Amino acid sequence: MMAAAIYPYLVAAHVTAVVFLVGGLLAQERIVNTISASPLEEQAGALVALQRFERTVTTPALLLTWIFGLSLALSAGWLSSGWLIVKLIFVVVLSALHGLRSGRIRRCLRTGASGEKIPGAELGIVFAMLVIAVLAIVKPV
Amino acid sequence: MNTNVQAEKNPHHQHGLIAGLECKQLKRLEAMSIIEATTLVLLVFIAAPLRHLWGWPYGSKLLGPIHGIAFLAYIWTALQTVAGGGWHQREVVRLFLIAFVPFGGYANIRWLRERAKTLAEIEQN
């Protein structure tokens, strides 16, 4: 009864965190791709802002996505479902991409290097999000 | 001296935020390492024997998911740390494999502190 009552609120919280995470990841990739062509002196401010954005928005969103997502899976008893296992693979890939991006921003700041692109990251994020959305809504297996 | 020259050449160094960025990251990894190692030790040496020898499953039912989350958080923090560069391949492999060994995470503490100390000394010079 209690689990059923909080279920819609957990879904709302999970979806909100996912929106911030995926939106933030896409924005970071787009900004890094755009500034990588500019002179180093002009990149500094943007890279510092990206690092702060990562620390205050995308990392907390990632943490909340995992906490609310696992709470949902546990409360609904989905942990052994095939669709959730496939979905988790894509979620792990997105989380790894976020870790990689934040590490590379830190490296650029530390070494004074230009912003580095991660090949195929933008397309990968969109594709992963599409697969995750379909699996979460359709729950095929 | 050489580091000062590099810092002068680094246009990003005009922002104070950069100083100590790597040391803070190493501190986070050290904290995650301790949490992951502790949950693994509790799971393997307390919860698992309680379940299999005394038939009390609640310890592993509680600690299993907690360790799972701690493990994922450690792996993610380790990936974020090595993506910052400056790590040898052997050190990266060690960082990831150690998460599977009970008490292994504790071996990270001294190693990461020494690394942070070296980095801090380089930044000071």
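**Exercise 1. Chain B as a whole**

Task: State how many helices and strands chain B has, and what pattern they follow along the sequence.

Solution.
- Step 1. Count the elements: this predicted model gives chain B five helices and zero strands.
- Step 2. Read along the sequence: the pattern is α-α-α-α-α.
- Step 3. Add burial: of the 125 residues in chain B, 27% are buried.
- Step 4. Look at contacts with a separation of 6 or more: in chain B, 68% of them join residues 24 or more positions apart.

**Exercise 2. Two helices of chain B**

Task: Work out how helix 2 and helix 5 of chain B are oriented to each other.

Solution.
- Step 1. Recall what is needed: two packed helices are described by the angle between their axes and the distance between the axes.
- Step 2. Take the values: the axes of helix 2 (residues 21-54) and helix 5 of chain B come within 8 Å and cross at roughly 170°.
- Step 3. Apply the cut-off: angles over 145 degrees count as roughly antiparallel. Helix 2 and helix 5 of chain B are therefore roughly antiparallel.
- Step 4. Find the residues that meet: helix 2 of chain B contributes several, including B:Leu26, B:Leu29 and B:Ile34. Among those from helix 5 of chain B are B:Ile109, B:Leu112 and B:Leu119.
- Step 5. Sort by class: this contact of helix 2 with helix 5 of chain B has 11 nonpolar, four polar and six charged residues.

**Exercise 3. The largest nonpolar core**

Task: Find which element gives the largest share of the largest nonpolar core.

Solution.
- Step 1. Start from a tendency: in soluble globular proteins, nonpolar side chains tend to be buried together.
- Step 2. Size the core: the largest one has 12 residues, among them B:Leu26, B:Met32, B:Trp76, B:Ile98 and B:Leu112.
- Step 3. Assign them: helix 2 and helix 3 (58-82) of chain B are the elements that give two or more residues to this core.
- Step 4. Pick the main contributor: helix 3 of chain B supplies the largest share, five residues.
- Step 5. Follow one member: leaving out residues up to four places away in sequence, B:Ile98 touches B:Gly104, B:Gly105, B:Ala107 and B:Asn108.
- Step 6. Look beyond this core: a second, separate core of 10 residues includes A:Val18, A:Ala61, A:Leu62 and A:Leu94.

**Exercise 4. Two helices of chain A**

Task: Describe the crossing of helix 2 and helix 3 of chain A, and the residues in contact.

Solution.
- Step 1. Take the values: the axes of helix 2 (residues 40-76) and helix 3 (residues 82-111) of chain A come within 10 Å and cross at roughly 160°.
- Step 2. Conclude: these two helices of chain A are therefore roughly antiparallel.
- Step 3. Give the hand: helix 2 passes helix 3 of chain A in a left-handed crossing.
- Step 4. Name some partners: A:Leu47, A:Val48 and A:Leu62 are among the residues from helix 2 of chain A. Helix 3 of chain A brings residues including A:Leu84, A:Ile105 and A:Leu109.
- Step 5. Sort by class: the contact of helix 2 with helix 3 of chain A has nine nonpolar, five polar and two charged residues.

**Exercise 5. Positive phi**

Task: Locate A:Lys139 and B:Phe103, and describe their phi angles and exposure.

Solution.
- Step 1. A:Lys139 has a positive phi of about 45°, although it is not a glycine.
- Step 2. A:Lys139 sits in the segment after helix 4 (121-138) of chain A.
- Step 3. A:Lys139 has 13 other C-beta atoms within 10 Å, so it is partly exposed.
- Step 4. B:Phe103, also not a glycine, has a positive phi of about 70°.
- Step 5. B:Phe103 lies in the loop between helix 4 (89-97) and helix 5 (104-124) of chain B.
- Step 6. B:Phe103 has 13 C-beta neighbours inside 10 Å, so it counts as partly exposed.

Terms used. Residues are numbered from 1 along each chain as its sequence is written. Chains are lettered from A and ligands numbered from 1 in the order in which they are written. This is a predicted model: local features need pLDDT of at least 70, side-chain atom pairs count only at pLDDT 80 or more; totals for chains, interfaces and linings use all residues. Axes are lines fitted to C-alpha atoms, for helices over the stretch in contact, and angles run from 0 to 180 degrees between N-to-C directions. Helices (H or I, at least four residues) and strands (E, at least two) are DSSP runs, numbered from the N terminus. Angles under 35 degrees count as roughly parallel, over 145 as roughly antiparallel, 65 to 115 as roughly perpendicular and the rest as oblique. A crossing is left-handed if the near helix is turned anticlockwise from the far one by less than a right angle, and right-handed if clockwise. Two residues are in contact if their C-beta atoms, placed from the backbone, lie within 7 Å. Ala, Val, Leu, Ile, Met, Phe, Trp, Tyr, Cys and Pro count as nonpolar, Asp, Glu, Lys and Arg as charged, and the others, Gly among them, as polar. A residue is buried if 20 or more other C-beta atoms lie within 10 Å of its own, exposed if 12 or fewer, and partly exposed in between; C-beta atoms are placed from the backbone. A nonpolar core is a set of buried Ala, Val, Leu, Ile, Met, Phe, Trp, Tyr and Cys residues joined through C-beta atoms within 7 Å.
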